[in-house]
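I opened the file to look up charged side chains and how they pair. My notes follow in the order I made them.

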Amino acid sequence: MKKKLLWAGVILSVMVAGCAEKPLPMRKTYLYCQVDTLWQSLPSYQVTSNRLFPYSKLAPFGDYAEAAYSDGIALIELEINKPTTVSVMPVWDSTFAMAWSGDFLLLPGDSLELQRVADTRIPGFSSVRPRLAEVGRQDNACGFLLEEAFPYKSYPRVTDGDLGKYKSELEAFRQRKRDFLDSCRMRMTLSDEYVALRRLQFDLDLYNSLCTAAEKESGAELPAGYLDGIGLSDSLMGTSSYATALVNKYIRHAVPEPEKNFDAVYAGIRKAPRKLRDYLTALMVGYYAVQQLPYYEEALLAAIDRAGRTIRDTAYLNYISRAKEFYCNRNMPFPDEALRQTMLQALGSERQMTLADVLAQYEGRPLFLDFWASWCGGCIIDIQQSEAARKYLSEAGVGYLCISIDEDREAWQDAAGKYGVTDNSYLCPGKWDSPMVKFLEIKSIPRYVLLDRQHRIVSMDAPRPTPGELRSLERLVEAMQQSRQP
């Protein structure tokens with residue numbers, strides 16, 4: 001049966017781990033999968049070296065690498081010369097529910113097979129996992145053992161706002177992971193590159209978890225030295241965790257209220273180590289651009305102008321240019337084409353309405369738009385964690401609209417009932433080709449958009465309605481209410 005792919009392909013986000021001091025010779029490395037009903041009609045893979053992972057929505061993805069088909073196998077050939085971590089995220093239509101996998105490691109010369117396995121986080125969903133085809137190394141098998149031994153639900157949680165106790169528990173948790181890795185090394189064949197990468201990753205996980213907790217527990221007092229003494233090795237440059245850690249260190253936790261202290265953050269970045277300065281500048285521009293807050297507009301645009309005159313790396317310059325365009329979309333209304341040609345269908349109704357008709361039902365009310373689909377694992381996880389955000393938005397007078405881009409109407413209706421998104425719930429039959437979706441530049445979901453009372457854009461990429469981003473969402477809504485009084 002021929003599949004209709006919403007966005008055909010498997011996104012391979014390739015990030016250089018840099019574990020080895022001396023680059024290895026460039027060697028061919030292979031990724032492949034069996035072509036069956038799961039992979040049928042798969043036209044290509046997408047490969048990118050994405051150094052700006054936290055705000056990748058602002059940057060175009062990498063070049064497509066066409067998959068070669070032979071004897072029932074889809075094969076893609078890469079050339080790498082250093083240890084490389086890869087994450088896989090297939091995107092399918094409603095006939096097949098798929099979630100993303102974790103990172104795994106490639107060494108030059110590897111041959112890696114992609115397989116479908118059940119996703120333990122969401123019943124009925126599947127993930128893509130690699131299986132090392134070559135004999136003699138068990139790095140990725142060890143990675144799966146670590147995931148099974150230390151699932152997300154086993155991570156320590158903050159209790160009674162005690163961040164000092166939380167840090168102690170996280171450090172003990174990190175030590176248990178180190179001990180487990182050592183035990184795997186005793187009974188499995190693991191590469192030195194993999195072991196080094198994992199140990200450094202444990203440190204980054206600890207640091208980022210501490211930062212997330214400090215963000216969520218905004219009223220709690222940070223213990224002395226709370227974020228000190230944790231190494232952020234630049235050998236992990238290019239990984240998502242490292243980029244997130246840099247944002248945490250140099251922006252989010254560099255000064256109080258970084259959204260209102262842009263100049264202080266920028267001054268700190270300009271004093272950072274030279275080899276990080278341009279990278280941090282690009283991350284800073286992305287951080288502030290994505291929030292689309294009004295406090296720092298003049299300073300941000302001045303920093304972007306300076307970056308254009310001093311940075312030479314074209315990847316950073318392209319990213320910064322895209323970030324500027326994204327930031328400057330704030331305050332814009334929907335264009336007439338999107339308002340008149342976007343059709344939406346309310347749950348429980350057979351009638352389709354234009355976007356203009358739907359927005360007219362919420363005249364004078366700010367709106368939070370949640371773009372999701374029944375097949376989107378990340379969307380479902382966010383929905384299941386959104387109770388506190390929904391309550392806050394309701395109390396703040398902000399309407400919550402769920403807009404599905406499902407192709408299968410029955411799948412949308414069933415999922416809406418199953419996950420409790422029946423109020424203000426709409427189907428967008430145009431899906432990715434909808435004028436509204438194109439205007440908002442939605443290329444992946446989940447995606448959230450905040451509109452003001454006049455239904456102008458406040459943020460094209462609003463914070464997620466989850467506990468970890470609730471405070472960021474609150475700041476965005478508060479800024480909107482302060483700057484846009486009726």
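These entries go from the whole chain to single salt bridges and then to a charged surface patch.

**Entry 1: the chain as a whole.** I noted that this is a predicted model. I counted 15 helices and 17 strands in the protein chain. I then looked up burial: of the 486 residues, 52% are buried. The exposed area of the protein chain came to about 22200 Å², with 48% of it supplied by carbon and sulfur atoms. For contacts between residues at least 6 apart in sequence, I found that 71% join residues at least 24 apart.

**Entry 2: salt bridges.** How many salt bridges does a search of the whole structure find? I got 21. As background, side chains of opposite charge can pair when their charged atoms come close. I took up a few of the pairs in turn.

**Entry 3: Arg475 and Glu259.** I looked at the salt bridge between Arg475 and Glu259, where the closest N and O atoms are 3.5 Å apart. This pair links distant parts of the chain, with the two positions 216 residues apart in numbering. I placed Arg475 in helix α15 (residues 470-483). Glu259 sits in the loop between α4 (240-252) and α5 (262-270). Buried or exposed? I noted Glu259 as buried, because its relative accessible area is 4%.

**Entry 4: Arg456 and Asp452.** Here I read 2.8 Å between the closest N and O atoms of the salt bridge. I checked both partners for cover. Asp452 has 1% relative accessibility, so I entered it as buried. Arg456 has a relative accessible area of 29%, so I entered it as partly exposed.

**Entry 5: Arg471 and Glu478.** The side chains of Arg471 and Glu478 form a salt bridge at 3.4 Å, N to O. I marked Arg471 as partly exposed because its relative accessibility is 23%. Glu478 is also down as partly exposed, because its value is 29%.

**Entry 6: a network.** Which residues are linked with Arg137 in a network of salt bridges? I found Asp110 and Asp139.

**Entry 7: a negative patch.** Last, I looked for charge on the surface. Glu407, Asp408, Glu410 and Asp414 gather there in a patch of negative charge. I followed up Glu410, which is found in helix α13 (residues 409-418). Why does Glu410 count as exposed? Its relative accessibility is 55%, and the cut-off for exposed is over 50%, so Glu410 qualifies.

Technical notes: Residues numbered from 1 in each chain as written. Predicted model: local features only at pLDDT ≥ 70, side-chain atom pairs only at ≥ 80, totals over all residues. Heavy atoms only, no water. Patch = residues over 30% accessible without salt bridge, like charges linked within 9 Å, V, L, I, M, F, W, Y side chains within 5 Å. Areas by Shrake-Rupley, 256 points an atom, 1.4 Å probe, with all protein chains shown as cover. Salt bridge = Lys/Arg side-chain N within 4 Å of Asp/Glu carboxyl O. Lys, Arg positive; Asp, Glu negative; His and termini not counted. Charge placed at Lys NZ, Arg CZ, Asp CG, Glu CD. Helix = DSSP H or I, 4+ residues; strand = E, 2+ residues; numbered from the N terminus. Buried < 20%, exposed > 50% of the residue type's maximum accessible area, 1.4 Å probe, protein only. Contact = heavy atoms within 4.5 Å.
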